[in-house]
Structures are given as structure tokens and as C-alpha cells.
Amino acid sequence: MRRHGGKILADQLAIQGVERVFSVPGESFLAALDGLYDVGIPNVVCRHEGGAAMMAEAHAKLTGRPGVLFVTRGPGSCNAASGLHVARQDSTPMVVFVGQIARRDRDREAFQELDYRSFFGPLVKWVAEVDETRRLPEYVSRAFQAAQSGRPGPVVLALPEDMLSGIAEVPDIPARIWPEPDPTPAQVATVLAALNEAERPLVVVGGPHWSAQAAADLARFAESHDLPVAVSFRRQDRLDNRHPNYVGDLGVGMNPALGKRLGDADLVIALGTRLGDTATAGYSLMDPAVQDKRVVHIHPDPDELGRIWRPDPGIALSAPDVVAALARSGPPATPPRWSAWTRAARADYEAWTAPKPTPGAVRMEEVVAWLSETLPETAVLTNGAGNYAAFLHRYFRYRGPGTQLAPTSGSMGYGFPAAIAAKLARPDLPVICLAGDGCFQMTLNEMSTAVQHGANVVVIVANNGRYGTIRMHQERKYPGRVSGTDLVNPDYAALARAYGGEGETVTEQAGFAPALERALASDRPFVIELRLDPEALATGLTLSGARAMGEAAQSED
């Protein structure tokens, strides 16, 4: 059957099991829009390519299937780059289709022309341009393969508009059947042997491919060997935080006691995580140049093994497959020597997560504690970047996989589009986005997207009138010299109503719980603006305290 390129492309997406695509439309891929119309794949039309890219990335994180994004040439593709950076650093599978100028006009700097191989090359796993209509099935098949294999990540396919509207007769390519390889008995025995020689082991979990079954297997393995389990930055949903073997997260604003424990460990079992600079506090807790501890590294990408750490052993498999085999191995022949080490690590976590009061009539530690205690276990929480997120990291107890959507890349603006994508994928679950006043304003135009597509998310905006994280560092390094960190903000509740949603402003702590109850009951997007005291800067730091630290440091100099 002869089909135009847009129909061929859409048919391949249906074969790959794509549930929905995210886009900002452009005339460069009209044929693809026509193809999507035929196959019936929902197209979530967004207001900015950056927000659309973050929605596609969050959809992939939540579902485990590649997020699919369509953006137009030139400015559209440039706008999308922020979301692709999230996908790259977070190891999230994405397939991005970018409109391109007609083939006959290449290399003339035609309207919105861009060399996508050069532009996206350092940012994605693979980038290509489809020159022939008949090769679309081949390229799409390879794109989905590349996005999901090894360490998952984003891929980009550029689609010249004349190629996409061309006609061809070409067979479809079936979706790949992914094998589930088991680790060999020798590999499992090597990991257990390393554990048997340890005195102070620490398991560090991160990376993609996680599931409820993987979390259950991890819990069983940790229990049988009484192991302390930490997670890498913004991977806190890998194990129920209430589990007695869970000991906290290694990342920005980590518990200093846990950081010290990572430094003191004689064995680190890294499951899926790259164990990078964020988890190791800029490699100060573990130094790749002077590796003084044994590292057992399990990662799906063989190129990752040995890139930073010398693994002993390194196993190129997905972490959940290895964890399942370790869980099946049963308990050790003799009781673990490190039970006191594990109990102390858990006690450190319990002490760290006891809410520490901050100044003001509305207090973030109490807001997050309320969310942790009252939300259903299946609730999905999203956030972007900023000091407000530290309250979520420290005080919220995640119950299991699929409940935390947050950028390990530290991208501001991520939380709101991620929440929209989560609500579309899981409409029966409560989805709550926490955002700072600076963070929310980067993507709040997607409120229109949420209203249009019926995504009744709840957004809690922490409004302290500044870019709080930058102000914190500013006061520490240049105390009292405020430049570029103060914000003038809108009335967020009124803005939500203007978009067709609902909103309330909370100025006293007692007003939060009833506002949240009304928000969760609403059938429209709902914004709760928290008016915070500007003095409250972070979980353990006030504005005046940060300034005093800066002044003390300057006086020592």
C-alpha cells in the first residue's frame, strides 16, 4: 500500500505501542500530524517546546516506555533542548521528531535551517536525518532501539518536509522483542563474595528500569543480608522509605551523616546508578583518582563500567535483573557482621527527617510532613529545582516506584509539565507538583495545556519572592550584596483562575490542609500559593544565617 511519509511514520509509532505524543505544531511536519489523525494516537498540544519535551520525558519516566515529542525546525528544536538535556542526564528514553527544511534548500541557510547532527550531537544518544521516505520504518525502528538499549536516553530524527510528504510503498517493521537476560550464577556469586569480605557495606540504588517488582526484590535482598540501602539524587522512590533498611538519599542537601557513611564504607554496591558527582558531593566522599574502597558496579551500559570507577566486578546488566537474582540467593550462611552499622544508618535517617522548624506563618516542613502523612501511597509527586525541593527530599517518605518525578539534571520548570504528563498517564491517581515561585514561572504557561486536556493536577507554589538557591549561595559568598535574585511575582491563585483552573492563597499554616482537600477534590487544575517568610531559606538555613556565614568567611580571609 502506498502511503505518504506522515502516515508511514504514524503507523510505525502505533506498532511501537506509543500511547500519546507531545507537540507544539509546525508547518514542517503537517504530514505527520495528518498521519497521527489517521492512527488515533492522542496528540497533547503544548504551549512551549521546552514544556512539551519535559512532558514527554516525564511520561517515559512514569511508564517505562519512550516519550515521543514532535517539534518544528529551528526555534522549535532549540526550545526543546532543555527537556532533552533532562532526558540525557536522567537516562530517560525519548524519541524526538524535528521538522526540517526541504532537502533541495540545504546549506543555503534557508528559513529556520539548522544542522541537527551538530546541534544535538553532544546532547543525545543518536541523531539522524531521514533522506528517503521509504526508509522511515528503518529509522524509526532504530530510534526506538537506541533510546531503550544500554543506558536509555533521547534520540532525534530530523524530517525534511518534502521527504515527509513524499509517497512510498514500504513494509512496516515490527517492534523489537526485548529479552530479559538473567545474570549468571558466577556473577551472582562474585557479588555475594564481595559482600562476604566487607565490614561496612552500603548499597546505592539509582538509574532507570525500576518497577514495583524490583523494589520488592531489593527489599528482600536488603532484609536477608541486613544491608543499608541509600538512593542517588531524586531516585527516592526505588525503595519504600519506611523500610527499616532504607537510609536516605545521596544528593544535593544530603544528610551529612549519610555522606560520611558513604566515605567510610569499605564496599559500595552501585545498582543502576552512575555514582556521579552529585551522589558523591563532587567526588569529595569518593575520589575516583584514589579509589580506596571496593565498588561493585551493576549498570546496563558496558561503556559506563570503568568510566569513572574501577569496578570489582562490573556487570553490564540492568539493576533490577541482578537484584532479582540476588534476592533469590537467600540469606547468608552466617549472620551479617554489619547489623549495628545498618541500624545506625537508619537511626541517622530518622533523626534527619524529623522536621526542623523554620520561621514564618506558613512552614514548608509542616506542609511536606502533612503531604507525607495524608496522601495515598500511590500519589505522584513532581518537582523542578530550587531550595523548596530540599524540603521534599528531606521530609517526604516515598512509598514506591512511579511516585517521584524529578530531574536529576536540576532543571527548573520541570515539575509542572511533568505533573501534567503524569495525570494524563495516570488519571485516577492524585498528582501534586511542588514548585518554587521562580521554578513555576518557567513553565506555568502550560496551565493552558492542563485545562485543555483535563489534567486536574495540584500545584503547590512556594513563594518567597526570590530565586532562593542562588540567593543562598550569594549570601554565603557575597553577603549583603543582592543582585539578580529578587522576584516580583503575580497572584498565582488569580492566574490559575484566569487560565480556567482554580486557586487559593495560604497565608497561615492552618489554612493549608483544607486548601489541599479542596484542591484534591477539584476536577480542574488547582494552584495553592504558599506565602512564605523570606527569612526561611532552606531546611536548615535562614537568610540571616547564610549572610552570617558569608561574613564570617570573609573576616577569616
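This report walks through the overall form of a protein, one of its sheets, one of its helices and two of its cysteines.

**The whole protein**

The model is predicted. Its secondary structure comes to 21 helices and 22 strands. Along the principal axes, the C-alpha trace spans about 70 × 60 × 50 Å. A compact globule of 557 residues would have a radius of gyration near 24 Å, and the protein agrees with this because its own value is 24 Å. Of the 557 residues, 57% count as buried. Among contacts with a separation of 6 or more, 76% are between residues 24 or more positions apart.

**A parallel sheet and its helices**

Let us turn to one sheet. Six strands make up this open sheet, in the order 16-15-17-18-20-19, and their pairing is parallel. Which strands lie at the edges? They are strand 16 (404-405) and strand 19 (502-506), each of which pairs on one side only. Further in, strand 18 (residues 458-463) and strand 20 (residues 526-531) run parallel and are joined by six bridges. In this pairing, V461 stands opposite E529 of strand 20.

Two helices that meet these strands are set out here.

| Helix | Strands involved | Angle |
|---|---|---|
| Helix 19 (residues 492-499) | touches strand 18, strand 19 and strand 20 | about 175° with strand 19 |
| Helix 20 (residues 512-521) | lies across strand 17 (431-436), strand 18, strand 19 and strand 20 | about 165° to strand 20 |

Helix 19 packs on the sheet.

**Helix 3**

Earlier in the chain is helix 3, which covers residues 49-63. How far does helix 3 reach from its first C-alpha to its last? The distance is 21 Å for 15 residues, close to the 21 Å expected at 1.5 Å a residue. Helix 3 is largely enclosed by the rest of the structure, because 13 of its 15 residues are buried. Just after helix 3 comes G64, with a positive phi of about 80°.

**Two cysteines without a partner**

A disulfide is a covalent bond between the sulfur atoms of two cysteines. How many disulfides does the model have? With a cut-off of 2.5 Å between the sulfur atoms, the count comes to zero. C46 is in no disulfide, and the nearest cysteine sulfur to it, that of C433, is 15 Å away. C46 counts as buried because its relative accessibility is 4%, which is under the 20% limit. C78 is in no disulfide either, as the nearest cysteine sulfur, that of C46, is 18 Å away. With a relative accessibility of 35%, C78 counts as partly exposed.

Technical notes. Residues are numbered from 1 along each chain as its sequence is written. This is a predicted model: local features need pLDDT of at least 70, side-chain atom pairs count only at pLDDT 80 or more; totals for chains, interfaces and linings use all residues. Side-chain values use heavy atoms; hydrogens and water are left out. Buried means under 20% relative accessible area, exposed over 50%, partly exposed in between (1.4 Å probe, protein chains only). Helices (H or I, at least four residues) and strands (E, at least two) are DSSP runs, numbered from the N terminus. The expected span of a helix is 1.5 Å times one less than its number of residues. Two strands pair if DSSP finds at least two bridges between them. Contact means heavy atoms within 4.5 Å. Axes are lines fitted to C-alpha atoms, for helices over the stretch in contact, and angles run from 0 to 180 degrees between N-to-C directions. The radius of gyration is taken over C-alpha atoms; the globule rule is 2.2 Å times the number of residues to the power 0.38.
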